[in-house]
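Colleague: Could you take me slowly through one part of this model, the sheet and what packs against it? I am in my first year, so please connect each step to the next.

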Amino acid sequence: MGKTIAIANQKGGVGKTTTAVNLAAGLAVEEKTVLLVDADPQGNATSGSGVIREKSRKTLYDAISNQVPLENIIFPTEFPLLWVIPADKNLAGAEIELVDQDRREYKLKELLDVAKSEFDYIIIDCPPSLGLLTVNGLTAADSLLVPIQCEYFALEGVTELFDTLARLRRSLNPELTIEGLLLTMYDERTNLSAAVARDLRDFYGSQVLDTVIPRNVRLAEAPSFGKPIILYDIRSRGSESYMQLAKEILNHG
Ligand SMILES: Nc1ncnc2c1ncn2[C@@H]1O[C@H](COP(=O)(O)OP(=O)(O)OP(=O)(O)O)[C@@H](O)[C@H]1O
Ligand SMILES: [Mg+2]
């Protein structure tokens, strides 16, 4: 049985998608079979992993709302062991359509149940909100990975996210664990990054992952080429840090 990791933080622009795409690619390079699920109507994980936009292409929305079978929404990438379930702006509609449906929080979990035995890892990129799509992501997951940008107010919202986690554990997903908090966009030239890292480790201790993702312009450039960092610039610090993250996650088992 594979492990499903949801990447979530309702704060926008903290590195969720960058982490989802590059962790997924890193695990695939480590010879694990990986399914990257884009659960965000922005579709950034889809384009960032090189899945081409086509009108006729089916997406997560079609599976959730129109019962299109799972095998029709799984697409290959440049990595032999990495596949993607794409999303586009239609997915925003699912959030509305699902509101009055039974088991609306379980749609993604039910969809991915079959895939769980086929992949070593399923990585879910959640949107920047605590709405129904994120709740679906967290209900489908075994663990939660929270990217945290080394900025002012970085910790704001983490408490709210952990409240949501506690609520989910009481009802929808008692088994959900914390994979870790990941420091992103760390800038070693600023005292601020160091201060945020220190606060976070003081407060959350060993829940903070050892791997720290530096601010690295190559990471910001790679998505416009539809490439994970390891294909775009394998020697960059961004690439090294995400390979290290993949190894750390593998060590968690
Ligand atoms: N370590 C990094 N160094 C430099 N730029 C980065 C880094 N991580 C992410 N970025 C850039 O910062 C922006 C936000 O990153 P990303 O899209 O991964 O965040 P997100 O949390 O998924 O955003 P959203 O909440 O909108 O989904 C992007 O332009 C991305 O390329
Ligand atoms: Mg994103």
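**A strand, its sheet and the helix beside it**

Modeller: Let us start from one residue, Leu82, which has its place in strand E4. The model is a predicted one, and the description below should be read with that in mind. Leu82 counts as buried because 26 C-beta neighbours lie inside 10 Å, and a residue needs 20 or more of them to be called buried. Leaving aside its neighbours within four places in sequence, Leu82 is in contact with Ala24, Ala25, Ala28, Val34, Leu36 and Thr77. A very different relation is the one to Arg201, since Leu82 and Arg201 are 119 residues apart in sequence and 32 Å apart in space, taken from C-alpha to C-alpha.

From this residue we can widen the view to the sheet. An open sheet of 8 strands is arranged in the order E3-E4-E2-E5-E1-E6-E7-E8, and its pairing is mixed. Strand E3 (75-76) and strand E8 (208-214) stand at the edges, and each has a single partner strand, so one side of each is left without a neighbour in the sheet. As a general point, the strands of a sheet pair through backbone hydrogen bonds, either parallel or antiparallel.

Strand E1 lets us follow such pairing in detail. Strand E1 (residues 3-7) runs parallel to strand E5 (residues 121-125), and 5 bridges join the two. Within this pair, Thr4 stands opposite Ile122 of E5, while Ile7 has Asp125 of E5 as its bridge partner. Helix H1 packs on the sheet, where it touches E1, strand E2 (34-38), strand E4 (82-85), E5, strand E6 (143-149) and E7, and the direction of H1 makes about 165° with that of E5. E1 also pairs with E6 in the parallel sense, over 3 bridges, and there the bridge partner of Ile5 is Ser143 in E6. E1 is mostly covered, with 4 of its 5 residues buried.

We can now look at the helix from one of its own residues. Val21 is found in helix H1, and Val21 is buried because 33 other C-beta atoms lie within 10 Å. Apart from neighbours within four places in sequence, Val21 is in contact with Leu36, Ala45, Gly48, Ser49 and Pro228. Val21 and Ile124 are 103 residues apart in sequence, and their C-alpha atoms are 9.5 Å apart in space. Ile124, with its neighbours within four places in sequence again left aside, is in contact with Thr4, Ala6, Ile7, Val37, Ala39, Gly137, Ala140 and Ala141.

Several of these names return in the nonpolar core. In soluble globular proteins, nonpolar side chains tend to be buried together. Here the largest nonpolar core has 72 residues, and those with the most contacts inside it are Ala24, Val34, Leu36, Leu60, Ile123 and Ile124. Helix H1 (residues 16-29) gives the most to this core, with 7 residues.

The helix also takes part in the surroundings of ligand 1. The largest share of the shell around ligand 1, 3 residues, comes from H1, and H1, strand E7 (177-186) and helix H9 (217-221) each supply at least two residues of that shell. Of the 20 residues around ligand 1, those that come nearest are Gly12, Lys16, Thr17, Thr18 and Pro128. Sorted by class, the shell has 7 nonpolar, 10 polar and 3 charged residues.

Key: Residues numbered from 1 in each chain as written. Chains lettered and ligands numbered in written order. Predicted model: local features only at pLDDT ≥ 70, side-chain atom pairs only at ≥ 80, totals over all residues. Core = buried A, V, L, I, M, F, W, Y, C linked by C-beta atoms within 7 Å. Buried ≥ 20, exposed ≤ 12 C-beta atoms within 10 Å, placed from the backbone. Contact = placed C-beta atoms within 7 Å. Near = placed C-beta within 6 Å. Nonpolar A, V, L, I, M, F, W, Y, C, P; charged D, E, K, R; others polar. Pairing = 2+ DSSP bridges. Axes fitted to C-alpha atoms, helices over the stretch in contact; angles between N-to-C directions.
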